[in-house]
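I opened this notebook to record what I looked up about charged side-chain pairs and surface character. The entries follow the order in which I consulted the model.

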Amino acid sequence: MIDIWLVGKRRLVLAFGLGAVSALGQAPLGFWWATIAAFAGLIWLLDRVPDRRGAFLTGLFAGAGQFVLALNWIIEPFLIDVARQGWMAPFAVLLLSFGLGLFWAGAAVTARLFPDRSLGFVVSFVAFEWLRGVVLTGFPWAMAGHVWIGTPVDQLAALGGPSLLSLLTLLAAWLPVRWRWRGGAASAVLLTAGLTFGLLRLAQPLPEAGGPTLRLVQPNAAQAAKWDPERAREFFDRLLTLTARGGPADLTIWPETAVPYMLEYAPDVAGMVVAASGGRPVALGIQRAEGDRFFNSLRVLEGAGVETARYDKAHLVPFGEYIPFGDLAYRWFGLRAFAAQAGNSYSAGPGPQVLNLGRFGKVLPLICYEAIFPRGVNAMPERADWMLQITNDAWFGKLTGPFQHFAQARLRAVEQGLPLIRVANTGITAVVDARGRVVAELPFGVMEALDTRIPGKLPPTPYSRWGDAPVLLLLAGLALGAMAWRRRSAH
């Protein structure tokens, strides 16, 4: 009966299903055990595929199954205007899922270069997943290791980032396939070791939160109405009201693109903002114009509306915030429609930047999408005291996208040993300590403000010092082992 699933279309259906089951470990479900079981099934299946073409297709369909389920939120932007854009949603999901599935396919084919193909797949998968976070500006969403976020095991990210968590996941799946019951016991020991490390790390004390008060403002502006000119003042008034309610905080923070105006075209807006805050600083997400270019920015206003700090988003969303090679098309062919330099998409800022906010400390600003890139955060020019993510997750619906995005932001706190303040339009607005634990948060989808203080930071973590280098060296060692390890039996 099993043999009929090892050939032809049935094998691809099985691979797709295993990939989909692996996605159940992602937020908000967090069924990490389902992910391990699914990868064990996939490793077993790939070990029985007779040729490279079969391995490629099996890996491709498994990856597509994972991403169809994990990235189902990708349809949400197309549903903002269903009449005009809804028809594109299924194509977007399939194209993205099979496109990302190519990395799984590459791992499946590369594994066949190793005498021990099953261990070769473990090594190749983690390596190709690392590449997925780099190639074409990268997209490290729904990594295998993300299933541990919110469990004590996620503390391993302080040592080796998300790739170490992915390696743990794949090894835990591989061991029972390789040695059955003995391997299952070894897998349990491996996971127990990760859990023990995490519990011990979480039991260590943290510096207490202190210093000035912050107010995190969540206006809950529905994406379908957010840019409606007739409702712009309504949403702006929400921000002003929440900022002033009960007396202003020392520092108020508004989410990404919260302000429906630009200071360059409506200079009186700055005065209205600081009037609501009593002249105290307000860090607001707002679009910025400079000549013919536009930027997705974080700007700090205080006093009489003077700008005291600014950060322009550097890692933009392809096709969402800019069109790849759009500026080249303008220079070479005169096509203005996709060119940032002609004002038809956002321009990128210069890169990671730490803002010195005086008594509020040094902050690493992250705008939306930037928080999913561990290497980008690790590239901060100097060590910050805390991280600030402003975002508008209303694009991502209400079921999975905002929760996955928040989970990845939490992992950045673990990796860096720095607290994270997160302010979102519709949610999740939260305070995360330097070990990734949620200290306080606002309910999703409500108009509210959260008053808080900045949690204490930890000393630099191994990951903040060395990045992915130790994990890549570990993968190289495993690759050498897989090359030298002749299998006792062939299938």
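The entries below cover salt bridges first and a surface patch afterwards.

**Entry 1. Status and total.** I note at the outset that this is a predicted model. I looked up the salt bridges and found 21 in the structure. I then examined several of them individually.

**Entry 2. A pair within one helix.** I looked up R132 and found that it forms a salt bridge with E129, with 3.9 Å between the closest N and O atoms. The cut-off for such a pair is 4 Å, so I recorded the contact as a salt bridge. Both R132 and E129 belong to helix α6 (residues 117-132), where they are 3 residues apart, about one turn of the helix. I asked next whether R132 is buried or exposed. R132 is buried, its relative accessible area being 3%. For E129 I noted a relative accessible area of 4%, and this residue is buried as well.

**Entry 3. A pair between two strands.** I turned to D312, whose salt bridge with R288 has its closest N and O atoms 2.6 Å apart. Which elements hold the two partners? D312 is in strand β5 (residues 306-312) and R288 is in strand β3 (residues 282-290), so the pair ties together parts that are 24 residues apart in sequence. I recorded both D312 and R288 as buried.

**Entry 4. A pair across distant parts of the chain.** I looked up R375 and D468, whose side chains meet in a salt bridge with an N to O distance of 2.7 Å. This pair links distant parts of the chain, 93 residues apart. R375 sits in helix α12 (residues 374-378), while D468 is in the loop between α14 (462-466) and α15 (469-484). I then checked the cover of each partner. R375 has a relative accessible area of 25% and is partly exposed. D468, at 8%, is buried, because buried means under 20% relative accessible area.

**Entry 5. A network.** I asked which residues are joined by salt bridges that share partners. I found E264, R299, E307 and R310 joined in this way into one network.

**Entry 6. A nonpolar patch.** I looked last at the surface and found a nonpolar patch of about 410 Å², made by L29, F31, W32 and W33. I followed F31 further and placed it in the loop between α1 (8-22) and α2 (32-46). F31 is partly exposed, with a relative accessible area of 32%. Residues enter a patch at over 30% relative accessible area, and I noted that F31 at 32% meets this condition.

Conventions. Residues are numbered from 1 along each chain as its sequence is written. This is a predicted model: local features need pLDDT of at least 70, side-chain atom pairs count only at pLDDT 80 or more; totals for chains, interfaces and linings use all residues. Side-chain values use heavy atoms; hydrogens and water are left out. Patches are made of residues with over 30% relative accessible area and no salt bridge: like charges are joined within 9 Å, nonpolar side chains (Val, Leu, Ile, Met, Phe, Trp, Tyr) within 5 Å. Accessible areas come from the Shrake-Rupley method with a 1.4 Å probe; for residues, only the protein chains shown count as cover. Helices (H or I, at least four residues) and strands (E, at least two) are DSSP runs, numbered from the N terminus. Buried means under 20% relative accessible area, exposed over 50%, partly exposed in between (1.4 Å probe, protein chains only).
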